[in-house]
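Thanks for asking me to look over this one. Here is my note, set out point by point so that you can follow along on screen.

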Amino acid sequence: MLSSKLGINFINTWALLNFLIAKLKAKKQKTYDYTSQVSGQDYVFEAIDDDAKGYMTAQGKGVAVGDFISLQNGAEIYHYQVEQIEYYSNPSDMWTAVLKRATSAF
């Protein structure tokens with residue numbers, strides 16, 4: 001009986017430890033605000049599929065797949081999620097990405 005209780009406690013502790021390790025390793029999604037930037041000067045965005053997707057080229061370190069980008073077109077603010085991204089070798093903080101319109105509320 002004691003060995004089965006120890007076994008259950010070990011399993012519960014092990015599961016909790018694995019959960020905590022996974023949470024620590026999980027990358028937090030960041031949001032990058034380009035609404036105050038000038039389109040065509042600070043970045044280039046080419047919309048496709050009726051603004052559902054787009055290609056964007058800009059500079060900035062740290063942007064990764066899964067992150068969000070906020071863009072402004074006139075009075076409208078659009079939120080996109082990075083689906084693919086490639087960084088240039090020179091300058092190293094310049095990137096081109098495929099963005100998908102975010103459906104979640106901000």
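The points below go from the overall layout to the sheet, the aromatic rings and the pocket.

1. A word on the source before we start: this is a predicted model. The chain has 106 residues, and 22% of them count as buried. Its secondary structure comes to one helix and six strands. Reading from the N terminus, the elements follow the order α-β-β-β-β-β-β, so you meet the helix before any strand when you trace the chain.

2. The six strands make up an open sheet in the order 1-4-5-6-3-2, and the pairing is mixed. At the edges sit strand 1 (31-33) and strand 2, each of which pairs on one side only. From one strand to the next, the twist averages 30 degrees.

3. For the mixed pairing, have a look at strand 4. Strand 1 and strand 4 run in the parallel sense, with three bridges between them. Strand 4 and strand 5, by contrast, pair in the antiparallel sense over six bridges. Ile 69 is a handy residue to centre your view on: Tyr 32 stands opposite Ile 69 in strand 4, and in strand 5 the bridge partner of Ile 69 is Tyr 80.

4. Please also check the turn between strand 4 and strand 5. This hairpin has two residues between the strands, and Gly 74 takes a positive phi near 70 degrees there.

5. How many aromatic pairs are there? The count comes to three. One of them joins Tyr 34 and Tyr 43, with ring centres 5.8 Å apart and 75 degrees between the planes, an edge-to-face arrangement. Anything under 20% relative accessible area is called buried. Tyr 34 therefore counts as buried at 9% relative accessibility, and Tyr 43 is buried too, at 3%.

6. Another pair is Phe 45 with Tyr 80, which is tilted: the centres are 5.0 Å apart and the planes make 50 degrees. Phe 45 belongs to strand 2 (residues 43-48) and Tyr 80 to strand 5 (residues 76-87), so this contact ties together parts that are 35 residues apart in sequence. Are the two partners buried or exposed? Phe 45 is partly exposed because its relative accessible area is 21%, whereas Tyr 80 counts as buried because its value is 2%.

7. Trp 95 deserves a place in your view as well. Ring pairs link Trp 95 with Tyr 34 and Tyr 43 into a cluster.

8. Now for the largest pocket, which has a volume of about 160 Å³. Strand 2, strand 4 (68-73) and strand 5 are the elements that give two or more residues to its lining. Several residues from the earlier points turn up here: the lining includes Tyr 43, Phe 45 and Tyr 80. Also among the lining residues are Ser 39, Ala 47, Asp 51, Leu 71, Gln 72, Asn 73 and Tyr 78.

9. What classes of residue make up that lining? Six are nonpolar, three are polar and one is charged. Asp 51 is one of the lining residues, and Asp is among the residue types that count as charged.

10. If you have time for one residue, I would pick Tyr 80. Tyr 80 is the strand 5 bridge partner of Ile 69, forms a tilted ring pair with Phe 45 and helps line the largest pocket.

Technical notes: Residues are numbered from 1 along each chain as its sequence is written. This is a predicted model: local features need pLDDT of at least 70, side-chain atom pairs count only at pLDDT 80 or more; totals for chains, interfaces and linings use all residues. Side-chain values use heavy atoms; hydrogens and water are left out. Rings of Phe, Tyr and Trp (its six-membered ring) pair if their centres lie within 6.5 Å; planes under 30 degrees apart count as stacked, over 60 as edge-to-face and the rest as tilted. Buried means under 20% relative accessible area, exposed over 50%, partly exposed in between (1.4 Å probe, protein chains only). Helices (H or I, at least four residues) and strands (E, at least two) are DSSP runs, numbered from the N terminus. On a 1 Å grid over the protein atoms alone, a cavity is a set of points where a 1.4 Å probe fits but cannot get out, and a pocket is an open set with protein on both sides within 12 Å along at least five of seven lines; lining residues have an atom within 4 Å of a point. Grid points are joined across faces, edges and corners, and a volume is the space filled by probe spheres set on the points. Two strands pair if DSSP finds at least two bridges between them. Axes are lines fitted to C-alpha atoms, for helices over the stretch in contact, and angles run from 0 to 180 degrees between N-to-C directions.
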